[in-house]
Amino acid sequence: MQEREAAGVLRDTAAIRTPFYVVDETLLKKNLEILKDTAERAGCRILLAQKAFSMYSVYPLIRQYLSGTAASGLYEARLGKTEFGGETHVFSAAYRPDEFDEILNYADHIVFNTPGQVLKYGEKVKKAGKQAGLRLNPECSTQEGHAIYDPCAPGSRMGTTLSMLSEAGNFEETILPYLNGFHMHTLCEQNSDDLETTLRAAEEKFGAWFSKVKWLNLGGGHHITREDYDRERLIRLVCGLREKYGVEVYLEPGEAVVLNAGFLVTSVLETMENGMQIAILDTSAACHMPDVLEMPYRPPLIGAGEAGEKPYTFRLGGPTCLSGDCIGDYSFEAPLKEGGRLVFGDMALYTMVKNNTFNGMPLPSIVYRHEDGTAEVVRAFGYENFVGRL
Ligand SMILES: *Cc1c(COP(=O)(O)O)cnc(C)c1O
């Protein structure tokens, strides 16, 4: 599990104050090569979903491989347009009237969540010469476990269901003329077999309209760069859509772009015992890797085993006052000691974009490890970043 890469990271960043996120250029490029190859073979375009990763100092590199960015609103659209370039696509569950014109400046594609939003803003999009899409909800749940990541769950506000379309009156006359494409986003960390299931459901419900638009955007959640991901099936599915409906196809993965391409390096501040060994780190689950508590999941820790697997088991926790600020229980060959460094894996995605200064916690620095091993501190944070948002 990335032991070699992590050793290199530890060596090259030894002089940098912890905690910090490291994005590794070699690992990032590996993902980007896979995505570019997939896009070329499928004849589709792949965008970076900035929601997962917005470290814009590496946008010029990513731009060499991907076609543009996907944004969730004004700020991400602006960042994508100004720092990445290429195509800028925006989806928002609802747009603010006082922001819409500015979004329109940055966006090439604007995806609406409901027929009501299309009626409200469709004319503006058309007049600006931009493209509009409607997000569909195929009501086909393919994931278990992470209910908060299931846009197809009952009562979901994400996307337009078939019955919402029917209730919108004469869809073909009132809504469809504004639309250049359809959008779907129903997956989360999933393989292409679930995409196939989803497409089958979507075609059954909405397929009659697919050939009346220019593009289909299949959203994110495709774990394309994961070891066991079936890319051949994805390519087959995308080619099938293009042939059958004459559409262009977009994918907008976030996670897959930086999957396993980043780390979080932290130091042990103190150890203690309360029925078990505990280590207090200078990083916090609540502040620096909130998905650990939200999702929840146990992040990979390089060189460590499951609790009880190696001789010394420790519970790892943050320095905050939140009792539940624990990252997990891990085991080690030797006892942890003050000053020792630990490296968490897969820490580029949904970390920098979600972290916070709860409890007055400092934010981890952002480090970029170049291919030649040079570790560059891209950003360091201080008191001003805590006080400036309060
Ligand atoms: C979250 C999201 C993505 C990216 O999802 P990943 O799971 O990070 O690949 C893409 N598109 C939309 C609309 C999203 O909400």
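Which residue forms a salt bridge with Asp-329? In this predicted model, the partner is Arg-315, and the closest N and O atoms of the two lie 2.7 Å apart. The pair links distant parts of the chain, with Asp-329 in strand E14 (residues 326-332) and Arg-315 in strand E13 (residues 312-317), 14 residues apart. Arg-315 has a relative accessibility of 31% and counts as partly exposed.

This contact belongs to a wider set of charged pairs, as a search of the whole structure finds 22 salt bridges. Another of them joins Arg-41 to Glu-232, again with the closest N and O atoms 2.7 Å apart. Arg-41 sits in helix H2 (residues 25-42) and Glu-232 in helix H10 (residues 231-245), so this salt bridge ties together parts that are 191 residues apart in sequence. Both partners can be placed on the accessibility scale: Arg-41 is partly exposed at 40% relative accessibility, and Glu-232 is partly exposed with a relative accessible area of 42%.

A further salt bridge brings together the side chains of Arg-11 and Asp-12, at 3.0 Å from N to O. Here the accessibility classes can be read side by side: Arg-11 counts as exposed at 58% relative accessibility, while Asp-12 counts as partly exposed at 23%. The pair does not stand alone, for Arg-11, Asp-12, Asp-24 and Arg-369 are linked in a network of salt bridges.

Turning to the domains, the assignment for the protein gives domain 1 (2-23 + 262-347 + 355-387) and domain 2 (43-258). The centres of domain 1 and domain 2, taken over C-alpha atoms, are separated by 34 Å. Each side brings its own residues to the contact, with 11 from domain 1 and 11 from domain 2. About 770 Å² is buried between the two domains, and carbon and sulfur atoms give 61% of that area. On the side of domain 1, Val-23, Met-295 and Tyr-368 supply 56% of the area buried against domain 2, more than any other three residues.

What of the polar side of this interface? Across the boundary of domain 1 and domain 2, the rule finds 0 salt bridges, and the count of residue pairs in polar contact is 1, with both residues at pLDDT 80 or more. The elements that give two or more residues to the side of domain 1 touching domain 2 are helix H13 (291-294), strand E16 (365-369) and strand E17 (375-379). Of these, E16 gives the most, with 3 residues. By residue type, this side of domain 1 divides into 6 nonpolar, 1 polar and 4 charged residues.

A final site of interest is Leu-179, placed in the loop between helix H8 (171-174) and strand E7 (181-183). Leu-179 has a relative accessible area of 6% and counts as buried, because the class covers values under 20%. Residues up to four places away in sequence aside, Leu-179 touches Val-118, Ala-132, Gly-133, Leu-134, Phe-171 and Val-213. Glu-167 offers a handy reference point for this loop position: the C-alpha atoms of Leu-179 and Glu-167 are separated by 18 Å, with the two residues 12 apart along the chain.

Technical notes
Residues numbered from 1 in each chain as written. Predicted model: local features only at pLDDT ≥ 70, side-chain atom pairs only at ≥ 80, totals over all residues. Heavy atoms only, no water. Salt bridge = Lys/Arg side-chain N within 4 Å of Asp/Glu carboxyl O. Buried < 20%, exposed > 50% of the residue type's maximum accessible area, 1.4 Å probe, protein only. Helix = DSSP H or I, 4+ residues; strand = E, 2+ residues; numbered from the N terminus. Domains from an automatic or database assignment. Contact = heavy atoms within 4.5 Å. Buried area = accessible area lost by both parts, 1.4 Å probe. Polar contact = N/O pair within 3.5 Å; in protein donor to acceptor, adjacent residues only side chain to side chain. Nonpolar A, V, L, I, M, F, W, Y, C, P; charged D, E, K, R; others polar.
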